[in-house]
Amino acid sequence: DVYKRQVLRSTIPIGRGLASSAALCVAAARSLAGHAGINLSDAQVADIAFQAEAEDLGVACGRLDQLACMAKSPTLMSWPDETSRVLSQSPHVLVVCLPEPVAAGPLLQAFQSNPAKMQQALQVWGQGAVQAAEAVDAGDWNTLGQLMNQAQSAYEAIELPIAQAPKLSALCVSLRADGALGAKFMGAGGERSAIAVYVSKDARDAAAQTLESRGLICVK
């Protein structure tokens, strides 16, 4: 009966690499726990949401999406102990979506089936994630942009046919040419969406207006 009464509303675009499924599972776990009068820590809610998505729903995901949803703000997370530190600033970012998304499932399966080909990219992403968090904390948007570009280059260098995403690569190049300090893929990549960082809020908003006039979907 509890499940029948639960209504969830979201403005997060579905299937765009924005952790919409993680946010849904986190919201559902918090709502059901509250309805049952159970007090759970943020870490416990994130763990329940992860189990629901990965084990019950069979989604090939890690725990970071759920933890990020619980953090509600830019956070530096240490893995594997999951300690976290709230960062002092938020970057001026814009998510840009191509009109037609592509399912991430086949991409994730290909990545998991070819760990050797993924190793170099994973090293770049892992090192860059910590450096990017430090850049965010310092408000160093130029360094953040450079690290995002490096992450995108590592993705494009993966020698898997399914990972080739010419439209995504072209979008990232276009975003940089139009003023973004850096741009990279979102989620598993493919032909879905990209995130770009700008020097200021005004620059980001101006870019969003231009991109939307071209028929692209923008999320601030």
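The following exercises with worked solutions concern one helix and one sheet of a predicted model.

The model is predicted: local features need pLDDT of at least 70, side-chain atom pairs count only at pLDDT 80 or more, and totals for chains, interfaces and linings use all residues. Residues are numbered from 1 along each chain as its sequence is written, and side-chain values use heavy atoms, with hydrogens and water left out.

**Exercise 1. Determine which residues of helix α3 are buried and how they are arranged.**

*Step 1.* Locate the helix. Helices (H or I, at least four residues) and strands (E, at least two) are DSSP runs, numbered from the N terminus. Helix α3 covers residues 42-56, which is 15 residues.

*Step 2.* Compare its span with expectation. The expected span is 1.5 Å times one less than the number of residues. From first C-alpha to last, α3 reaches 20 Å, close to the expected 21 Å.

*Step 3.* Apply the accessibility classes: buried means under 20% relative accessible area, exposed over 50%, and partly exposed in between (1.4 Å probe, protein chains only). The buried residues of α3 are V45, A46, A49, F50, E53 and A54.

*Step 4.* View the helix down its axis. The buried residues of α3 fall within an arc of 145 degrees, so they line one face of the helix. This arc is that of the directions from the helix axis to the C-beta atoms.

*Step 5.* Examine the surroundings. The face turned away from the buried side carries the exposed residues E55 and D56. Among the elements that cover the buried residues are α2 (20-35) and α4 (64-71). Just after α3, G58 takes a positive phi of about 75 degrees.

**Exercise 2. Establish the strand order of the open sheet and state which helices pack on the sheet.**

*Step 1.* Find the pairs; two strands pair if DSSP finds at least two bridges between them. Strand β3 (residues 92-97) is joined to β5 (residues 193-198) by 6 bridges, and these strands run antiparallel. There, V95 stands opposite I195, and L94 stands opposite A196. β3 also pairs with β6 (residues 217-219) in the antiparallel sense over 3 bridges, where C97 has I217 as its bridge partner.

*Step 2.* Assemble the order. The 4 strands follow the order β4-β5-β3-β6, with antiparallel pairing. The edge strands, each pairing on one side only, are β4 (182-185) and β6.

*Step 3.* Add the helices, where contact means heavy atoms within 4.5 Å. Helix α8 (residues 166-177) packs on the sheet and touches β3, β4 and β5. Helix α9 (residues 201-213) also packs on the sheet, touching β3, β5 and β6.

How values were computed:
Axes are lines fitted to C-alpha atoms, for helices over the stretch in contact, and angles run from 0 to 180 degrees between N-to-C directions.
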